[in-house]
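Visitor: I should be grateful for a close look at one part of this structure, taken residue by residue. Please begin with a single element and then set it beside other parts of the chain.

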Amino acid sequence: MTRLTLFLLCLPLFAQAQNGYFQQKVDYRIQVALDDRSHTLAGNIEIDYTNNAPVAMQEIYLHLWGNAFSSRKTAFCKQKLESGSLEFYFAPDSSLGGYEKLDFKVNGAPASWRLDPDNPDIARLELPAPLPPGEKITLATPFLLHIPASFSRLGHVETSYQITQWYPKPAVYDHQGWHAMPYLDQGEFYSEFGNFEVEITLPANYVVGATGSLETPAEVEFLQKKAEETRLMLPNWAADSAKSRREEHPFPPSSAATKTLRYTATNVHDFAWFADKRFHVLRDTARLASGRTVDCWAMFTDEQRKIWMQGAAYVRRSVEFYSELVGEYPWPQATAVHSALSAGGGMEYPMITVIGDAGSASGLDEVITHEVGHNWFYGILASNERDHPWLDEGLNSYYEQRYMRRYYQKEGVDVGGFERIFPSRRYGTLNELAYLLLARAYGTPPPDSRSDEFSTIGYGVQAYMTPAMALRQLELSAGTAVFDQAMRRYFELWKFKHPYPADLKAAWAGAGLTAPWFFDQMLQGATSDPVLEKVKKNPD
């Protein structure tokens, strides 16, 4: 390549750099096979990494988050101990997990790489030559992942599998530099957008829910048949007085035959899948203002089948609600699964969310709505949740509360178990009560703090409740129409990108919504003491 050619190719990137924004692109091709006797995943991954930064890349940092479960010296284990949980620390070695057989190559040639000395779930890969702006390389490696027991998000309970944070993944490189981060239980993720082609081989009687579009016709037919079988069972379930049937659903043996499922996903930054031979399946269809439709799925076992009878309808209503208020859902399907989860009440991934046990149908609807809502605040607006958790959790919790007011005339916000401390969260005073109680604890970090700086309760209040409460105050003071217009502008400007708090502030200002108290006092101070300056009477 001549210097002139390189210069011309880089001109668009230099123009981007003038306003400080660029975004890398990462595309994946993964083939993996599940062995449910040894609880392992064996496969290969190819990663096309495109450098859109205005500088050449000398190295690439990789997340190997499965290694968070490899020993009792990881950041994950330390955080669990700090929070008072001893389960992982005292677990038998056979319950741990992690990678084997990693052998990275760059464009087919062996690559030099090493694990971070303090974090075995972070690796640094040296490139054989600098990667210029606008150029692409292909990383590849085999891998064998030992799936841990269910201690957090990635895991299994017997032969029920929760396959998340499971493949080697480049860290984000943005205008602030590299964001290589260890896996944490409290503290979520930050990843680059790209496209996925994933093939999963497993015993033929598993039911699988996953990110992306299912491209295997026989499996599409298999799910449709499952959905019809489930629909026919609903009247009997409705007549059943039991909420839970934990004792009645043993794990069936795995089929000797296998099947290979192919999924594709466009413009997403993560891929997760869940597999269980016991899943029932329901399907519904969301209809958006543009005329597009979205397939909405619910997958669940007998454990809480009665409150999951409307599971697909809850997914559908959530997709339509967020599409109406924030911006249209861009992908072809949305799925919620009921499965093991040891990190809060629910966890989101693009197009799919996993939900833990719920206490009621309305409680299930609330958690599904919160997690489906993360398709917008995390999935589409992919902010750095480790550094600014409120920008995801707080914004999403505000919309969850609007959903509950619309459909249940109920105030509330799901914060992954916080309701066990404050069971009266349905009342509008709960947010204020929790906020005031926390404010009495000196040294509480302000809402715009890193997720790992909060205590467990502080994380729930400051990352979820306080920003949601402030956003509600902002909506009431500015007017719902003005607020909604500003949020739609933020969505349109930053969808499929990595916004920071300053970008939200600028997007709002461009729509005529300015709120210095929100950014300067509410988010930056541990406590807030608002003053009423003016009252304007409306005719009503």
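Guide: In helix 2, which spans residues 75-82, the buried residues are A75, F76, C77, Q79 and K80. The list thus includes Q79 and K80 beside A75, F76 and C77. Just after this helix, G84 adopts a positive phi of about 95°. These values, like those that follow, come from a predicted model.

A positive phi also occurs in a turn elsewhere in the chain. Strand 23 and strand 24 form a hairpin with two residues between them, and M351 in that turn has a positive phi of about 75°. The two strands run antiparallel and are joined by four bridges. Y349 has I352 of strand 24 as its bridge partner. Strand 23, residues 346-349, is covered on both faces: G346 and E348 are buried on one side, M347 and Y349 on the other.

Burial of a polar residue can be followed further at Q24, which lies in the loop between helix 1 (3-18) and strand 1 (25-35). Q24 counts as buried because its relative accessible area is 1%, and the cut-off for that class is under 20%. Its surroundings come partly from elsewhere in the sequence: the C-alpha atom of Q24 is 6.0 Å from that of T50, although the two residues are 26 apart along the chain. Beyond its neighbours within four places in sequence, Q24 is in contact with Y49, T50, N51, N52, A53, M57, Y173, E192 and F193. Two of these contacts can be described at the level of polar atoms. The side chain of Q24 makes a polar contact with the side chain of Y49 at 3.1 Å, and a polar atom of the Q24 side chain lies 2.7 Å from the backbone nitrogen of N52.

A polar contact between side chains is also found at R124, in strand 8 (residues 122-131). Its partner is the side chain of E59, at 2.5 Å. With neighbours within four places in sequence set aside, R124 is in contact with I60, Y61, S112, W113 and R114 as well as E59.

Charged side chains meet aromatic rings too. K259 lies over the face of F222, at 4.1 Å from the ring centre, and R317 lies over the face of Y407, at 4.0 Å from the ring centre.

The nonpolar interior remains to be described. The largest nonpolar core has 148 residues, and those with the most contacts inside it are W166, W273, V319, F377, Y399, Y490 and W508. One of these, V319, touches A286, L288, V294, C296, Y329, A334, V372 and W376, with residues up to four places away in sequence not counted.

Two others of that group, W166 and W508, also take part in aromatic pairs. A search of the whole structure finds 46 such pairs. W166 pairs with Y167 edge-to-face, at 5.2 Å centre to centre and 80° between the planes; both W166 and Y167 are buried. F483 and W508 instead form a tilted pair, with 6.1 Å centre to centre and 55° between the planes. This pair links distant parts of the chain: F483 belongs to helix 10 (residues 480-494) and W508 to helix 11 (residues 501-510), 25 residues apart. F483 and W508 are both buried.

Terms used
Residues are numbered from 1 along each chain as its sequence is written. This is a predicted model: local features need pLDDT of at least 70, side-chain atom pairs count only at pLDDT 80 or more; totals for chains, interfaces and linings use all residues. Side-chain values use heavy atoms; hydrogens and water are left out. Rings of Phe, Tyr and Trp (its six-membered ring) pair if their centres lie within 6.5 Å; planes under 30 degrees apart count as stacked, over 60 as edge-to-face and the rest as tilted. Buried means under 20% relative accessible area, exposed over 50%, partly exposed in between (1.4 Å probe, protein chains only). A charge sits over a ring if NZ of Lys or CZ of Arg is within 6 Å of the ring centre and within 35 degrees of the ring normal. A polar contact is a pair of N or O atoms within 3.5 Å; within protein, one must be able to donate a hydrogen and the other to accept it, and residues adjacent in sequence count only if both atoms are side-chain atoms. Contact means heavy atoms within 4.5 Å. A nonpolar core is a set of buried Ala, Val, Leu, Ile, Met, Phe, Trp, Tyr and Cys residues joined through side-chain atoms within 4.5 Å. Two strands pair if DSSP finds at least two bridges between them.
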